[in-house]
Amino acid sequence: MARVSYETNKQQEKTPMPELDPGARAKCFDEVACGYSAEDAINEARRCIQCPKAPCMDGCPVGVPIPQFIEQVAHGNFAEAYALVKDANALPAICGRVCPQETQCEGVCTRSRKGEPVGIGRLERFVADWAMENGVASDSADAAQQPEKDLVGKRVAIVGSGPASLTCAGELAKRGCAVRVFEALHKAGGVLTYGIPEFRLPKDLVESEVSQLAEQGVEFEMNALVGKLYSIDELMDERGFDAVFVGTGAGLPSYLGIEGEGFNGVMTANELLTRVNLMKGYLFPDYDTPVYAGKKCVVSGGGNVAMDAARTALRLGAEVHVVYRRSMEEMPARAEEIHHAQEEGVIFDLLCNPVRVIGNEDGWVTGVECIRMELGEPDASGRRRPVPVEGSEYVIDADMMVIAIGSKTNPLIAQTTPGLEVTSRNLVIADEETGATSKPGVFAGGDTVIGAATVILAMGAGKRAAAGIAQYLLEK
Amino acid sequence: MYPIEQVEQLNAEVTRMVVRAPEIAKKIKPGQFIMLRIDEHGERIPLTMNETDPDAGTVTIVFQAVGATTIHLATLRAGDSLLDFAGPFGNPTELEGVKRACVIGGGLGTAIAYPQAKWLHDQGCEVDVITGFRNKDLILFEDELAACSSWHMVMTDDGSNGNKGVVTAPLQERIESGANYDLVLAVGPVIMMKFVALTTKPHGIKTLVSMNPIMIDGTGMCGGCRVKVGDEYKHACVDGPDFDGHLVDFDDAMHRGVMYRDFEAAARDAAKGKYASEARDCDAAAAASSEQKEA
């Protein structure tokens with residue numbers, strides 16, 4: 001019997017994903033990648049050769065049964081494909097868009113030995129979008145698992161509502177727990193809502209994933225900053241929660257620590273993105289929160305957040321220069337994001353680093369002094385260390401600057417939770433497999449444990465912690 | 001939704017609003033703030049607490065209708081609701097162990113200084129209070145502050161209440177006549193707090209100022225509220241909002257405070273037009289309905 005139940009597509013390249021024209025999209029916040037049609041999806045699915053080892057699955061932090069769902073897509077059985085994906089991955093429409101597939105499932109795809117890997121992310125997105133459009137989303141999720149009677153009535157508090165928390169909440173709700181999510185802001189989603197821009201991850205999609213969880217019985221309490229409004233001890237001792245999951249992410253911005261960072265027009269990527277994504281500043285004055293945009297903007301940093309900030313500033317009308325101290329090769333942002341940014345007209349000033357922000361008498365930024373860098377010996381990260389070239393300072397005229405050099409963990413939970421062990425950087429110390437912390441009944445996962453990383457790693461941690469919490473509740 | 005239980009116009013510009021928020025009411029302390037959003041299109045604005053009643057489950061805020069959001073807020077009535085009301089944010093003012101304090105409020109800052117003066121007074125601290133306003137019609141919390149202070153002086157810029165001058169003049173006098181403060185607390189316009197800090201510095205009196213910079217999330221995330229304190233930037237939302245007045249770079253704070261001035265002015269003008277015309281519509285509707293009744 002043939003291993004593959006469909007005729008494989010020998011095409012070396014991925015089936016192209018329709019995208020908005022770079023010139024047009026650089027002026028609006030509409031989603032850049034438009035998604036596959038059913039025909040595209042079947043065509044792409046048929047590029048999967050159903051290799052027996054399926055290395056793609058090892059590359060997936062949440063263990064999506066990739067060959068199986070692709071096989072269903074190849075046959076046009078989209079509902080079946082969706083059920084398979086959704087059972088393993090609580091947020092497929094999101095992962096299909098923002099996962100770094102090139103370093104995970106697609107990075108190890110057998111097809112990539114010769115030609116491009118199967119577009120697994122694009123297929124995941126197609127399946128999730130199809131389910132949403134056809135209203136099968138919540139039905140299959142409910143059917144996926146029966147509640148476990150020993151977990152029914154167990155109460156779990158989830159602190160934060162980002163990807164780790166949403167995944168953990170969904171898993172525990174499926175198994176029968178009474179789950180309540182506490183979110184400090186007025187909207188759920190964490191970084192999915194305040195951080196990742198509309199043009200990469202439409203917010204109605206995040207809302208739809210959140211409302212699916214609500215339909216599954218997960219309760220959401222907004223405007224509840226745990227550590228101030230309630231402490232974790234209060235949640236457990238006074239409000240009767242049997243376990244707590246801490247998924248508070250890495251929300252504190254880092255600064256360059258250079259002269260002039262306080263000038264007006266200089267902001268963190270978090271500020272720019274929060275104004276635009278959470279508060280819809282790009283729709284001012286229809287929405288009340290304004291967002292400043294200069295004519296020429298320097299973005300400092302080379303990660304995905306820097307790309308998001310650069311492309312956001314561009315859409316607000318600025319000429320944007322990304323200033324990064326290493327070369328393109330070392331840039332931590334996804335290749336696709338860099339490519340999209342370049343297409344839209346973002347300018348990359350590589351191998352240079354800001355050393356001083358220059359401002360005028362009124363306190364506004366007028367330029368950024370940078371120094372050229374060259375690459376020396378590899379450092380602890382294995383990347384070649386950038387070394388300043390003496391005397392190579394130059395000034396980029398700019399009336400806007402965005403600092404996007406990473407983020408740190410908010411110390412609030414650590415400060416207000418006796419018995420919770422954290423590292424010197426305020427990262428919560430948690431068991432990698434179960435998410436258990438030093439405090440009985442308290443679990444943690446995602447950026448709050450490992451520092452700023454990706455949505456999917458946070459989701460993987462949320463999923464493992466859900467299993468850890470269920471185990472703890474069953475043994476308790 | 002957070003129901004508004006009571007609204008009172010304190011003067012032509014300032015409104016007092018009592019909001020139902022039982023969990024926050026249990027927790028919030030003098031110096032801490034809430035962030036509110038009126039509706040789905042609204043911005044998040046920080047307002048430092050004026051009063052809390054844990055038994056009634058209410059938090060009182062006092063605000064001045066100076067921007068688009070506060071102009072809108074001032075049109076709301078008891079029975080209306082706020083979409084979002086979150087807190088407590090920031091740290092409570094460090095008032096423990098203070099024996100002799102001078103609490104200074106400038107304009108709207110008086111509404112925030114009041115719970116601090118009251119708390120100190122209730123703890124047995126001897127409290128002097130100095131407040132300052134543009135003119136006598138804008139004076140706030142005069143009786144309340146008189147009740148929780150051993151000495152109270154109200155200054156006006158135009159002298160319309162008989163005491164012309166700025167708050168630092170009586171402060172200087174009190175210090176020189178041996179008041180022996182172990183804490184001076186100033187809440188008000190940045191320029192006022194700057195001069196209070198300059199007045200107390202030569203005497204080495206611990207001086208706390210309550211900073212109210214531009215803020216978006218209020219949870220430490222965006223960095224919009226950074227205030228230069230000594231050599232470093234601190235986030236008013238999580239490290240403050242109170243800081244050592246002798247270390248705050250007030251000039252930097254003043255620059256940062258006007259970053260969104262042009263946007264704010266445009267939004268304010270639009271809000272004035274919008275809510276003035278809505279008020280007219282309401283008046284017209286009320287007139288029409290009373291006419292109908294009469295008929």
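In this predicted model, B:Thr60 sits in strand 6 of chain B, a run that covers residues 58-64. Its relative accessibility is just 6%, so B:Thr60 counts as buried, the cut-off being under 20%. Setting aside neighbours within four places in sequence, B:Thr60 has contacts with B:Arg16, B:Met17 and B:Val18, and also with B:Met49, B:Asn50 and B:Glu51.

Strand 6 is part of a bigger arrangement in chain B: an open sheet of five strands, ordered 5-6-2-1-7, with antiparallel pairing. Strand 5 (51-53) and strand 7 (81-82) of chain B take the edge positions with a single partner strand each, so one side of each has no neighbour in the sheet. Strands in a sheet are held in pairs by backbone hydrogen bonds, and they can run parallel or antiparallel. For strand 5 and strand 6 of chain B, the antiparallel pairing goes through three bridges. One pair of bridge partners here is B:Asp53 and B:Thr58, the latter in strand 6.

Strand 9 of chain B gives a parallel example. It spans residues 100-106, and seven of its seven residues are buried, which means that the rest of the structure largely encloses it. In a regular strand, side chains take turns between the two faces of the sheet. In strand 9 of chain B, one way is taken by B:Arg100, B:Cys102, B:Ile104 and B:Gly106, while B:Ala101, B:Val103 and B:Gly105 point the other way; all are buried. The strand runs parallel to strand 10 (residues 126-133) of chain B, and seven bridges join the two. Among these links, B:Arg100 has B:Glu126 of strand 10 as its bridge partner.

Chain B also has a greasy spot on its surface. B:Ile191, B:Phe195 and B:Leu198 make up a nonpolar patch of about 280 Å². B:Leu198 belongs to helix 6 of chain B, residues 190-200. Its relative accessibility is 48%, so B:Leu198 counts as partly exposed, a label that stops at 50%.

Over in chain A, strand 10 (residues 352-359) and strand 11 (residues 365-378) pair in the antiparallel sense, with seven bridges between them. The two strands of chain A form a hairpin, with five residues in between. In the turn, A:Gly363 has a positive phi of about 85°. A:Gly359 is placed opposite A:Val365 of strand 11 in chain A.

A:Val365 turns up again among the contacts of another glycine, A:Gly265. This residue, A:Gly265, is in the loop that links strand 5 (252-253) and strand 6 (266-268) of chain A. With 0% relative accessibility, A:Gly265 counts as buried. Leaving out residues up to four places away in sequence, A:Gly265 touches A:Tyr292, A:Trp364, A:Val365, A:Asp399, A:Met400 and A:Met401, plus B:Met259 from the other chain. A:Ala293 is 28 residues from A:Gly265 in sequence, with 8.0 Å between their C-alpha atoms.

That touch on B:Met259 leads to the interface between the chains. Here 43 residues of chain A are in contact with 41 residues of chain B. Together the two chains bury about 3600 Å², and 55% of that area is on carbon and sulfur atoms. Charged side chains meet here too: two salt bridges are found across the interface of chain A and chain B. A salt bridge also joins the side chains of A:Lys187 and B:Glu40, with 2.7 Å from N to O.

Definitions and conventions
Residues are numbered from 1 along each chain as its sequence is written. Chains are lettered from A and ligands numbered from 1 in the order in which they are written. This is a predicted model: local features need pLDDT of at least 70, side-chain atom pairs count only at pLDDT 80 or more; totals for chains, interfaces and linings use all residues. Side-chain values use heavy atoms; hydrogens and water are left out. Helices (H or I, at least four residues) and strands (E, at least two) are DSSP runs, numbered from the N terminus. Buried means under 20% relative accessible area, exposed over 50%, partly exposed in between (1.4 Å probe, protein chains only). Contact means heavy atoms within 4.5 Å. Patches are made of residues with over 30% relative accessible area and no salt bridge: like charges are joined within 9 Å, nonpolar side chains (Val, Leu, Ile, Met, Phe, Trp, Tyr) within 5 Å. Accessible areas come from the Shrake-Rupley method with a 1.4 Å probe; for residues, only the protein chains shown count as cover. A salt bridge is a side-chain nitrogen of Lys or Arg within 4 Å of a carboxyl oxygen of Asp or Glu. Two strands pair if DSSP finds at least two bridges between them. Buried area is the accessible area (1.4 Å probe) that two parts lose on being put together, summed over both.
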